[in-house]
Structure formats: structure tokens, C-alpha cells
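Welcome! Let's walk through this structure together, one question at a time.

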Amino acid sequence: MASSTSGSDKVLVENNIRVEDIQRQGISRPANMSSMLTLLQIADSGFPTGGFSHSMGYEAALKKGHITNMVRFKEFVLSAMENVGSSSIPFVKAAYLKNSAMSEIEALDKLCEACLNNHVAKRASIQQGKSLISTSSEAFPDGRIKQLKVLINEDRVKGHHALMFGCLCAYVNITLSDCLEVYMYNALRTIMASAVRLGNLGPLEAQHIQYEMQQCIGRIIERNFDSPVEDTAITFPIVDILQNTHDTLFSRLFVS
């Protein structure tokens with residue numbers, strides 16, 4: 001009797017991969033797979049964390065008349081990025097370094113909750129952090145991610161995004177430098193995508209500006225790399241104030 005070969009088995013045979021080797025390894029990341037692939041997966045817009053429901057204050061700034069031309073737009077973007085650097089990067093780094101000590105993560109989460117006075121930013125941070133861990137617990141096999149999900153479900157932590165992102169990157173073997181860069185990149189991309197969705201920028205123009213603005217990421221990280229979480233601050237308050245008015249908009253496309 002002729003044996004039938006499924007499409008997936010055929011691919012494995014053609015690539016000289018034995019099924020038993022995969023079964024022996026389980027579903028863990030193969031040793032030869034670059035962590036860059038996991039980094040790209042997390043950073044991809046298709047990774048469902050709810051990021052595109054937020055504008056980081058851009059929608060409020062636009063509708064309140066703060067952004068009137070391209071110069072003001074770039075000033076807003078850079079100011080928002082500086083705020084992410086000074087208020088979030090220390091938390092991302094601390095969570096990355098203390099990822100295995102859940103009591104430390106709980107303490108950092110409480111401190112992050114206290115530091116976020118802007119209720120809109122606080123709500124966005126919690127929503128995105130919870131979504132990140134919920135998605136990651138299904139996507140990646142590391143048990144520590146599921147442990148974080150349990151802490152969130154038991155309301156022992158709020159699940160602020162900066163902390164959850166730092167822990168996740170540590171769990172999936174992404175380097176600290178890549179972790180911080182991608183965190184900043186995601187913040188920039190959120191604003192650029194918001195501008196496109198609101199019809200203020202075309203897709204190609206947005207990509208050009210994003211490339212221009214992301215050249216600042218390295219310097220922002222460098223300035224805030226050694227800052228302890230106790231020194232986190234908002235360096236451009238006008239962006240924070242504008243975001244805080246988001247719920248007062250008559251109509252709005254984004255959650256924050």
C-alpha cells in the first residue's frame with residue numbers, strides 16, 4: 001500500500017528536517033533560530049496587542065488646535081518620544097533586568113501606577129500591557145509569561161505596558177538594547193499610524209517622516225538609560241496635558 005504524505009510532511013522532507021527531531025524539541029524555539037525573528041514578530045503590526053486603538057495624545061493635540069503644520073507635527077512627535085524615554089524607558093529596563101523576581105515586578109507595577117498621573121495614559125498603559133501578555137501567553141511557550149497573566153488576572157499587578165514589554169523581551173531572549181529600541185520604535189509608529197488613519201498624512205509621507213524621526217531613538221535611550229525608576233518624569237508636559245483631554249473630545253477615533 002502506498003503511503004500518503006501530507007503537505008507539511010513533504011516540506012519537512014524537502015528541507016531535510018526530521019519530524020522526530022521537532023517532536024523531541026517540543027515547541028520551544030529551535031537553537032538556530034535568531035532572536036531577531038521573535039523581535040520582528042513582537043514588533044509587527046499584526047501582533048494583536050491593541051496598539052492601533054491608541055494615538056498617544058496625537059488625536060487630542062490635533063483637534064485642540066495644537067498641531068497646525070508640519071513643523072508643529074514634528075515637534076509634537078519628538079516631544080512625545082522624549083516623554084516615552086524619560087517616563088517609560090527606566091521601567092522597561094528595570095523589568096527586563098528583574099524579570100524573574102515576580103515580587104520585584106509587583107513593586108515596579110505599583111510604582112508605575114503611582115507615576116502615571118494622566119488617567120488617559122494610565123488606561124492605555126494597562127490595556128496594552130494586558131493585551132501584550134494575553135497574546136504572548138498563547139504565542140510563546142515560556143511559562144513565565146503565563147505566570148504574569150495569572151498575576152494580572154488575580155489583580156496583583158495592573159500590567160503596565162512598559163513592564164510587561166520588558167519582561168517579555170527578557171523571556172524570549174531579546175537583548176536589552178533591542179528591547180529598548182523596539183519599545184521606542186513602537187511609540188513612534190503609533191503616532192505615525194494615527195496621523196495616517198486620521199487623514200493628516202499619506203502613507204508614503206508618513207514613512208519618510210518616521211525614518212527621519214527614528215534617528216533620534218538612540219540618543220533618547222542613551223540619555224535615559226541610567227535613570228532609576230524613581231527619577232522618571234514627563235519632560236514635555238504639554239503633550240501629557242493634551243492627551244489628558246482626550247475624553248473631552250466630542251468625537252474620537254482612538255481610545256487615547
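Q: How much of the accessible surface of the chain belongs to carbon and sulfur atoms?
A: This is a predicted model, and its values are computed from the predicted coordinates. The accessible surface of the chain comes to about 13,300 Å². Of that area, the part that belongs to carbon and sulfur atoms is 54%.

Q: What percentage of the residues of the chain count as buried?
A: A residue counts as buried when its relative accessible area is under 20%. The chain has 256 residues to sort in this way. The buried part comes to 45%.

Q: What is the average pLDDT of the chain, and where does pLDDT stay under 50?
A: The chain averages a pLDDT of 85, and 85% of the residues score at least 70. Where pLDDT is low, the predicted coordinates should not be read in detail. That caution fits two stretches with pLDDT under 50, and for each of them the model has five contacts beyond four places in sequence. They are residues 1-14 and residues 22-27.

Q: How many helices and how many strands does the chain have?
A: From the N terminus on, every element in the run is an α. The secondary structure therefore comes to a simple tally under the DSSP definition of helices and strands: 14 helices and zero strands.

Q: What span does helix 5 reach from its first C-alpha to its last?
A: Helix 5 covers residues 70-87, which makes 18 residues. At its start, a side-chain oxygen of Asn69 reaches to within 3.1 Å of the backbone nitrogen of Val71. At 1.5 Å a residue, the expected span is 26 Å, and the helix is close to this, reaching 26 Å.

Q: Which helices do the buried residues of helix 5 pack against?
A: Buried residues of helix 5 include Phe73, Phe76, Val77 and Met81. The buried residues of this helix have several partners along the chain. These are helix 4, helix 6, helix 11, helix 12, helix 13 and helix 14.

Q: How many aromatic pairs does the structure hold, and what kind is the one between Tyr58 and Phe73?
A: The structure holds four aromatic pairs. In the pair of Tyr58 and Phe73, the rings are 5.6 Å apart centre to centre, with 80° between the planes. Planes over 60 degrees apart count as edge-to-face, so this pair is edge-to-face.

Q: Why does the pair of Tyr58 and Phe73 tie together parts that are 15 residues apart in sequence?
A: Tyr58 and Phe73 are both buried, and ring pairs link them with Phe76 into a cluster. The pair ties those parts together because Tyr58 lies in helix 4 and Phe73 in helix 5.

Conventions: Residues numbered from 1 in each chain as written. Heavy atoms only, no water. pLDDT = per-residue confidence, 0-100. Contact = heavy atoms within 4.5 Å. Helix = DSSP H or I, 4+ residues; strand = E, 2+ residues; numbered from the N terminus. Buried < 20%, exposed > 50% of the residue type's maximum accessible area, 1.4 Å probe, protein only. Areas by Shrake-Rupley, 256 points an atom, 1.4 Å probe, with all protein chains shown as cover. Expected span 1.5 Å × (residues − 1). Polar contact = N/O pair within 3.5 Å; in protein donor to acceptor, adjacent residues only side chain to side chain. Phe/Tyr/Trp six-rings, centres within 6.5 Å; stacked < 30°, edge-to-face > 60°.
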